[in-house]
Structure formats: structure tokens, C-alpha cells
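Subject: Handing over the two-chain model

Dear colleague,

Here is the structure I promised to send on to you. Please open it alongside this email, since the notes below go through it part by part.

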2 protein chains.
Amino acid sequence: MLTVAYDGTGYAGFARQPEVQTVQGKLEEALRIVTREPVTTVCAGRTDAGVHALGQQVSFPVVEGFETESDLGRLKRSLDALTPDDIAIRGARFERTGFSARFDAKEREYRYRIVAGSTPPVFMRRFAWWHKGPSLDIPAMRLAADHLVGEHDFRSFCMAASAEGRTTWRYLDRVELLEESHLGEDCLVVRVIGNAFLHNMVRIIVGTLVEVGAGRREPSWVVEVLGARDRSAAGPTAPACGLTFWEVRY
Amino acid sequence: MLTVAYDGTGYAGFARQPEVQTVQGKLEEALRIVTREPVTTVCAGRTDAGVHALGQQVSFPVVEGFETESDLGRLKRSLDALTPDDIAIRGARFERTGFSARFDAKEREYRYRIVAGSTPPVFMRRFAWWHKGPSLDIPAMRLAADHLVGEHDFRSFCMAASAEGRTTWRYLDRVELLEESHLGEDCLVVRVIGNAFLHNMVRIIVGTLVEVGAGRREPSWVVEVLGARDRSAAGPTAPACGLTFWEVRY
């Protein structure tokens, strides 16, 4: 199992696809060079084009010749040297036989960064959504966020095409708003923790909370959005660049 | 007077030069388009190639047609629209006649970011120096940093060619080490505040402190370095990408 960080700006997402740059494609290419075998990986969360990860988890079967802790250290260093500088292998460890980075994940955390104001971010321009205009009403956004915590049908917060014929019930443990400064630029961070996520779910949650923060909707509107079970009831999908897949707990 | 932030990665420094991209070149080009006059600017600190700024200060004479507070707001917005997305105008204000962003500056602050460890930074790769290897001895670096505070001849901390025939005495108010997390990546930040700085001074200070942090020198070695009044006595010049010109006080 690898812990992988990546700047998603230059990638068509995590999942391998023909003819385009993907994080999985780069990782499996490096794994094949190091292990001299084709290796198929499984990740904890397939991030979309332009989405970043700090703690993506990637599992694959143990490869002959890489069976000890010191082999793992060598694997990590070799992969770091072979992958581009927008991908880093932060760690490598053994898990039990049959373990899956995807199916064994108990909790996933995403963080979404917003820079609000009349000045565009410079250092954060690839890692935050610039919400141009007056500052956002954070207390109102917090009230709205509270309505999303718990078990709900999040169909309104799922890309419509992906919701067909599947359950859209999910459990959110936390939806928090944090005020942070990164590289000297003030950010509003939406921290979302849950068991599993629907397609575009965090970005639609953020787009919806920003409707409230900008004063276009009341916090209680979120309750109506949940009840509608219809993508068109929610706010817009916030841009990919603000989103980071933060951490996975097993 | 403008407050300007820039990601220095793509620039040959602040100061205008023929045939290369510079921050001053981009700013003066935008100013000329907005004001329809050639405008010559003065900055608080000419940053080198690859060095960033959060609070660079840039002054120029008041231009006809831009004499009120509301003109200033218009000027800021127009400049933000005309400059590339790695330059942002964070503010614009009037100062007294004859004011100079350079000569009236009382105190300048620089911050230098280091990511130490075996994993290369991903999000911080353009904004920090990756010091590959074990973590740095921060208490030892703090002891070394304390020797630099106050008024000293910093000739050993100045690019040799720039020191000739000029005073190299400077006053440092603070040399602090802060442990911060930016975009999820742990950084060691060297915060340096002083009245004025020699060429490469902060980067040579950082390169010297890292010699101590890596255990290659004792903290008291810094006293010898100061006394030598010779560039070759100090540590290496730390890479440009870790440095940000943070703030100026008038």
C-alpha cells in the first residue's frame, strides 16, 4: 500500500485512460519499471481531472523481490525518482492479504479551499477556487453545513448521470469551515469527512454552501435541496482545482 | 503606491531587463496601457530570478486622470486584469509627494521555506527548498540564528561581487524559525526582519543555518562566519524558490 500525494493540475484524473496523462498511468508505469512486472493498482478514491490528493491510498499485490521492509524503502525511493515531480510517494507499507485500498476504507476526508475577495490568489491559484467579490458569510455557511451532517440521500449532490440505479444514501461525519492562511493568502477551507462519496459530491456541496455564503440563499435552503433528490436543486459544481483528497482512515 | 504579490517562478527577477520576462516589465507594460503614459516604477526590494513576493511595494508618480480614491480602485482592477495570473495587485494607495517605495522603507521582512525529509514536496515544490535527508536540528538552528540578530558587518553574507566598495553593515531585528504547515506539507520557515538587505543575504543566511541544522557545524560557527567578512566563510546560497519577500513597513 502506498500513500501518494499529487498536484492534479496536469492530469485527466487518477484513473488510467488511454492517450491522456493520468496519475494511475504514471504510477503503474513506474511500478512496472521498478518491479519488472505489470502491476494493477486500486485506489481509495478516484479523483477527477484537476483534483489534488495529499493522502491518496493505492494498493496492489505484493511483488516477488519486494517482500521485506527494506525492499519497501527501496520501492518508495525508486518510485519517487521515476514519477514526475507533481507526484510524490509519501509512504509504503504492508497490509494483510486481500486488503483493498478501496473496499477496506472506513472514512475519507476531503478539503476544499476557497479564496474570496477582490484580489486573485497568486500562490494558491492552482490550489483554491477564487470566489471573486465580497467576503463570504461564514456563520451562515456553517448553519447550512450542519444540515448535511448525518445519513441522508445525497442524490441532489451527485452528478446526475452517475446516480442512476444506485443508492445515493451516504453518511457524513463532519462538514466544517476553517479559516486558514496558506503561503500568506487567506483561505476558507471546507472540510468534509464521510464513509464514501458520490461523483462530484464535495464540489456540489461547496457550490451549494457558497450560494448561502454569498447571500443568494438562506441556510435552511439546504434542507430543501436534500429533499428534492434532484441535481438541479443544488448549487453549481465548484471548480476542481480547489479540491484535495486529504486522508483515508482504515 | 501598489502592493504587489507574484509567483517568481517564471521571471528573471523584479527589475526590468531587455529580452526577458520580469515583474517590473509586466507591471510597467500594464501601467502604460491603463494610463496611456510611460510609467517608471520604484520597488522596495529588487528580488532575484525565481524569488516570490507577497507584499512587494511599488511606487510611481501620480498620473493625470488617476487622482482620486475611486480612480485608484479602477487602476487596481485594470492592472489585475492586464497582468498575468502569477502577478496580483493586492492594493493601491496614495502617499505623500516625493515618497519612494525604496528609500522610505523602514523595515523589510523575508520568509524562507524549507521542506526537510525523504519525501519531495508536491504542492510546495515551487515555493520551498526541498532539503533531502533527515529532519533538521531546529533548536541548534535557533541558537545559530540568535548570533545574527543586531547590527553586524554582514560581508560574509553578501554575494562577493556586490560587496565591493560599499558598506556591508546591516541591522537585523529578528531571525526566527517557525514550524508551519502549508497545503498539508510541513515546512520550516526562516523569518528575517531587518532595515535593509545585501544581495543574496537571506539566502546565504538560510544556507548557513542549514549547515548547522544538518549537524555539519556548531551554532557558534556563525560567529566565526560573521567575523571572517568573506563570502567563502559562510554556507551555500539557498535556492531562490524558497524565498518570499513578505512585507515592508514604512
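What follows is an account of what was found in it, beginning with the two chains and ending with single residues.

Please keep in mind throughout that this is a predicted model, and that the values I quote are computed from it.

**How the two chains are related**

Chain A can be laid on chain B by a turn of 180° with a shift of 0.0 Å along the axis, and the RMSD is then 0.0 Å. That is the relation of a two-fold axis. If you would like to find the axis on your screen, A:His182 is a useful guide, because among the residues of chain A it comes closest to the rotation axis, its C-alpha lying at 2.6 Å. As for the interface, 100% of the interface residues of chain A are also interface residues in chain B, so the copies meet through the same surface.

**Strand 1**

In chain B, strand 1 covers residues 2–6 and is mostly covered, with 5 of its 5 residues buried. B:Leu2, B:Val4 and B:Tyr6 point one way from the strand, whereas B:Thr3 and B:Ala5 point the other way, and all of them are buried. Strand 1 of chain B is joined by 4 bridges to strand 3 (residues 52–59), and these two run antiparallel; it is also joined by 5 bridges to strand 4 (residues 87–92), again in an antiparallel arrangement. B:Leu2 shows both pairings, since it stands opposite B:Val58 in strand 3 of chain B and has B:Ala92 as its bridge partner in strand 4 of chain B.

In chain A, I looked at A:Ala5, whose place is in strand 1 (residues 2–6) of that chain. Its relative accessibility is 1%, so A:Ala5 counts as buried. Leaving aside neighbours within four places in sequence, A:Ala5 is in contact with A:Ala53, A:Leu54, A:Asp86, A:Ile87, A:Ala88 and A:Arg90, and also with B:Val122 from the other chain. A:Ala5 and A:His52 are 47 residues apart along the chain, and their C-alpha atoms are separated by 7.7 Å.

**Helix 3 of chain B**

Helix 3 of chain B spans residues 138–146, and within it B:Ile138, B:Ala140, B:Met141, B:Ala144 and B:Ala145 are buried. Seen down the helix axis, these buried residues fall within an arc of 155°, so they line one face of the helix. The face turned away from that buried side carries the exposed residues B:Pro139, B:Leu143 and B:Asp146. What covers the buried residues includes strand 8 (169–182), strand 9 (185–194), helix 5 (201–213) and helix 6 (221–228), which belong to chain B as well. The N-terminal end of helix 3 is capped by B:Asp137, a side-chain oxygen of which lies 3.1 Å from the backbone nitrogen of B:Ala140.

**Aromatic residues**

Over all chains, the structure holds 14 aromatic pairs. One of them is formed by B:Tyr6 and B:Phe14, which are tilted, with 6.1 Å centre to centre and 35° between the planes; B:Tyr6 is buried, and so is B:Phe14. Another aromatic pair, B:Phe154 and B:Phe157, is edge-to-face, with 5.9 Å centre to centre and 70° between the planes. At 0% relative accessibility, B:Phe154 counts as buried, and B:Phe157, also at 0%, counts as buried too. In chain A, A:Tyr110, A:Phe197 and A:Phe245 form one aromatic cluster.

**Asn200 in both chains**

Most residues other than glycine have a negative phi. A:Asn200, however, has a positive phi of about 70° although it is not a glycine, and B:Asn200 likewise has a positive phi of about 70°. A:Asn200 sits in the loop between strand 9 (185–194) and helix 5 (201–213) of chain A, and B:Asn200 is found in the loop between strand 9 and helix 5 of chain B. A:Asn200 is buried, with a relative accessible area of 13%, and B:Asn200, at 13% relative accessibility, counts as buried. Not counting residues up to four places away in sequence, A:Asn200 touches A:Asp48, A:Phe157, A:Met159 and A:Thr237.

With best wishes

Note on methods. Residues numbered from 1 in each chain as written. Chains lettered and ligands numbered in written order. Predicted model: local features only at pLDDT ≥ 70, side-chain atom pairs only at ≥ 80, totals over all residues. Heavy atoms only, no water. Phe/Tyr/Trp six-rings, centres within 6.5 Å; stacked < 30°, edge-to-face > 60°. Buried < 20%, exposed > 50% of the residue type's maximum accessible area, 1.4 Å probe, protein only. Arc of directions from axis to C-beta. Contact = heavy atoms within 4.5 Å. Polar contact = N/O pair within 3.5 Å; in protein donor to acceptor, adjacent residues only side chain to side chain. Least-squares fit on C-alpha atoms with pLDDT ≥ 70 in both. Pairing = 2+ DSSP bridges.
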